[in-house]
Amino acid sequence: MLRSLSWLVLLALPCFVFGQSSLSRSLTLPVTNVAAIDSAFLQLQTNNIEVRKDSILNEQLLDLVRIKEADSVLTKRTQRHRSGFGWLLAPFGIHWRAITMNRVKYVGTAKRDIGNPAKPEYTEYDINIDVMAHTPKYMALVWQGQQRQKEVNKKNLRGQDPNKPPFIEPTLETAQYYRIHCELTPPNQYRDQITELFYPVTGHKGFAGHYNFGEPRPTLGVYGPFVLDCNHNCHIEIHPYDWLWWLDVNPAKDSLANEKRWLVGLQREGSNRFRNWATSPRVGLVAVPFLFAIDKANPTILIEHLVHNDFVPEALQTLPELPADALDMNFTEMTVNLTNELKEDKNLTIRTNQPIDSEGLRMWLSEVETDGQWIKGYINIAVSVKDLYTARVTVR
């Protein structure tokens with residue numbers, strides 16, 4: 001996906017210059033001239049107040065994020081409960097069944113507040129989010145799932161009319177009748193930390209009560225297996241959602257309306273239900289877009305490592321998109337000198353909240369382009385981790 005000729009050229013032969021501290025670096029990176037910046041990227045200049053008011057715009061921005069996992073192809077079509085009588089019921093179709101054998105990306109807006117269980121049930125502590133899509137690509141994905149549910153479960157739709165939504169093709173006017181149920185049991189020992197720093201898992205704060213949301217029905221992106229839950233009427237799910245990401249447009253931070261605060265997280269399903277779909281380590285890539293005016297003073301990208309556990313360096317090599325010259329993250333500040341034949345050089349500062357000295361975490365810049373007015377690109381983070389890695393990436 002990201003191994004195009006353009007970014008290979010952009011990242012060719014980067015030059016490091018280490019300063020007085022090993023945690024401070026500099027890098028020179030050429031910028032490609034283009035006639036015009038992609039209009040989708042130009043929407044990143046919209047302030048967060050307007051983004052919060054416009055779910056469709058928010059979904060379009062989240063769709064700019066690129067997501068991948070090393071094991072993007074599922075090796076088994078079904079998974080089952082591992083407690084109770086799951087082994088006995090599975091042969092009768094009481095299981096999770098993959099709609100597609102590839103993990104999928106899905107972007108939409110929460111239909112209701114996040115669902116938190118009162119207490120664990122066996123090994124399960126599912127944090128569920130019903131996500132509605134309002135853009136054609138993801139409305140088509142929902143429709144694909146609804147058709148499959150209708151086909152598999154013709155005789156048991158719980159009284160729903162098969163000739164009405166959500167069992168006929170969706171439109172923007174009927175989008176509220178369609179959703180994908182997204183579920184994950186976060187890793188057990190980290191749930192309180194995840195709640196404090198990433199998203200609400202324990203304590204029943206809900207979206208509106210959490211610092212990284214501040215609104216009851218946020219827009220989110222998820223990535224994981226696209227399945228029918230035939231334990232419950234074969235409704236459509238992304239279960240478990242491995243990657244979760246969103247833009248923090250909390251109204252309490254409206255004084256910072258022009259900075260983009262991306263929350264991204266890769267988690268391994270914490271129950272024992274998905275032995276073939278949720279193996280350890282989790283190895284993945286997130287590419288976060290950035291845009292700033294060419295005359296902007298001191299553009300900065302801040303990467304804050306939030307909750308994570310042990311990195312697994314050797315497994316990162318299984319990610320095909322990892323370039324040979326990807327950078328480690330054992331630094332607190334890096335100055336990136338963006339060079340361009342038509343304009344004066346521009347410095348971009350990349351900061352981290354802490355250095356991490358591990359070969360299981362890498363970053364690089366790609367597709368850095370300018371039209372003489374704007375500079376856009378991606379900051380890529382590749383990670384191989386036992387159970388979870390979460391971060392905040394702020395473009396200011």
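**Strand 11, helix 6 and their surroundings**

Apart from neighbours within four places in sequence, Phe226 touches Arg97, Ala98, Ile99, Thr100, Val104, Leu141, Gln144, Gly145, Ile180, Ile236, Glu237 and Ile238. This residue belongs to strand 11, and because its relative accessibility is 0%, Phe226 counts as buried. Among the partners in that list, Ile236 lies 10 residues from Phe226 in sequence, with 7.4 Å between the two C-alpha atoms. The model described here is predicted. The protein chain has an average pLDDT of 90, and 89% of the residues score at least 70. A stretch to read with this in mind is residues 1-21, where pLDDT stays under 50 and the model has 48 contacts beyond four places in sequence.

Two of the contacts of Phe226, Leu141 and Gly145, lead to helix 6, where both are buried. Helix 6 covers residues 136-152. At 1.5 Å a residue, its 17 residues should span 24 Å, and the end C-alpha atoms are 24 Å apart, so the expected and modelled lengths agree. Which residues of helix 6 are buried? They are Tyr138, Met139, Leu141, Val142, Trp143, Gly145, Gln146 and Gln149. An α-helix has 3.6 residues a turn, so residues three or four places apart point the same way. The buried residues of helix 6 pack against four strands: strand 7 (104-110), strand 9 (180-184), strand 11 (226-229) and strand 12 (235-238). The contacts of Phe226 include residues in these numbered ranges, among them Val104, Ile180 and Ile236.

Gln149 offers a second view of this packing. This glutamine lies in helix 6 and, with a relative accessibility of 4%, falls under the 20% limit and therefore counts as buried. Gln149 and Val227 are 78 residues apart along the chain, yet their C-alpha atoms are separated by 9.6 Å.

Cysteine pairing comes next. How many disulfides does the model contain? The count comes to 1 disulfide, formed by Cys230 and Cys234, whose sulfur atoms are 2.1 Å apart. A disulfide is a covalent bond between the sulfur atoms of two cysteines. The link of Cys230 and Cys234 is right-handed, with 120 degrees about the S-S bond. Cys230 counts as buried because its relative accessibility is 6%, and Cys234, also at 6%, counts as buried too. Another cysteine, Cys182, is buried as well, with a relative accessibility of 0%.

The aromatic side chains give a further set of interactions. The structure holds 10 aromatic pairs. In one of them, the ring centres of Phe198 and Tyr199 are 5.4 Å apart and the planes meet at 75 degrees, so this pair is edge-to-face. Phe274 and Trp277, by contrast, form a stacked pair, 5.8 Å centre to centre with 15 degrees between the planes. What is the solvent exposure of these four rings? Phe198 has a relative accessible area of 0% and is buried; Tyr199, at 0% relative accessibility, counts as buried. Phe274 is buried with a relative accessible area of 1%, and Trp277 counts as buried at 0%. Phe198 and Tyr199 also belong to one aromatic cluster, together with Phe207, Phe213 and Trp246.

Rings also sit beneath charged groups. The charged end of Lys253 is placed over the ring of Tyr211, 3.5 Å from its centre. In a second case, the charged end of Lys376 sits over the ring of Phe41, 4.4 Å from the ring centre.

The backbone has some details of its own. Where do cis peptide bonds appear? A cis bond joins His239 and Pro240, with omega about -5 degrees, and Pro240 is found in the loop between strand 12 and strand 13 (243-247). The bond from Ser280 to Pro281 is cis as well, with omega near 5 degrees; Pro281 lies in the loop between strand 14 (260-267) and strand 15 (282-293).

Positive phi values occur in loops too. Tyr122, which is not a glycine, has phi near 55 degrees and is found in the loop between strand 7 and strand 8 (127-132). Its relative accessibility is 62%, so Tyr122 counts as exposed. Asn298 likewise has a positive phi of about 55 degrees without being a glycine. Asn298 is found in the loop between strand 15 and strand 16 (300-308) and, at 68% relative accessibility, counts as exposed.

Technical notes: Residues are numbered from 1 along each chain as its sequence is written. This is a predicted model: local features need pLDDT of at least 70, side-chain atom pairs count only at pLDDT 80 or more; totals for chains, interfaces and linings use all residues. Side-chain values use heavy atoms; hydrogens and water are left out. The expected span of a helix is 1.5 Å times one less than its number of residues. Buried means under 20% relative accessible area, exposed over 50%, partly exposed in between (1.4 Å probe, protein chains only). Contact means heavy atoms within 4.5 Å. Rings of Phe, Tyr and Trp (its six-membered ring) pair if their centres lie within 6.5 Å; planes under 30 degrees apart count as stacked, over 60 as edge-to-face and the rest as tilted. A charge sits over a ring if NZ of Lys or CZ of Arg is within 6 Å of the ring centre and within 35 degrees of the ring normal. pLDDT is the predictor's confidence in each residue, from 0 to 100. A disulfide is a pair of cysteine sulfur atoms within 2.5 Å.
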